[in-house]
Amino acid sequence: MSFEYYYITVVSLVIFIVALVIAIIMNSRYYKVIREYLVQARGAEAKGQAMSGEVEVLACPRCGYSTTIPFRVGDYVGKVVGETCPKDGERLVVVAIYSLRPTEYQGS
Ligand SMILES: [Zn+2]
């Protein structure tokens, strides 16, 4: 074995490992992007659902952030829910529950 052959082997091995590490890093990044996209798609779906029924407004008591989600059975105004504020991580509180179709309840 000549030194040159050994050198080329080591260099190609290092390049292979670096490429592998870059591939793993890129994969996890893509995975994150894909996961964020899926979460957003699910959120949009939930908003679509909310447009046709009862919704509840969740608000952050610390910074005032608020979001609207479809109503879930068992939730009530003042309840501290599992969701957290994306800005400061504070637990969100149900501040309002209402229906987008008030006519649904008339005459029943
Ligand atoms: Zn907040």
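Of the 108 residues in the chain, 15% are buried, where buried denotes a relative accessible area under 20%, exposed one over 50%, and partly exposed a value in between (1.4 Å probe, protein chains only). The structure is a predicted model, in which local features need pLDDT of at least 70 and side-chain atom pairs count only at pLDDT 80 or more, while totals for chains, interfaces and linings use all residues. Residues are numbered from 1 along each chain as its sequence is written, and side-chain values use heavy atoms, with hydrogens and water left out.

The secondary structure consists of one helix and four strands, arranged along the sequence in the pattern α-β-β-β-β; helices (H or I, at least four residues) and strands (E, at least two) are DSSP runs, numbered from the N terminus. Among contacts in the chain with a separation of 6 or more, 42% are between residues 24 or more positions apart, a contact being defined by heavy atoms within 4.5 Å.

A zinc ion is coordinated at 2.2 to 2.5 Å by the SG atoms of Cys60, Cys63 and Cys85 and, listed twice, by OD of Asp88, donors being N, O and S atoms within 2.8 Å of the metal (3.2 Å for Na, K and Ca); water is not among the atoms, so sites may look incomplete. The spacing of the donor residues in sequence is C-x2-C-x21-C-x2-D. Because Cys63 lies in the loop between β1 (54-59) and β2 (66-70) and Asp88 in the loop between β3 (80-84) and β4 (91-99), the pair ties together parts that are 25 residues apart in sequence. Cys63 is partly exposed, at 37% relative accessibility, and Asp88 is likewise partly exposed, with a relative accessible area of 27%.
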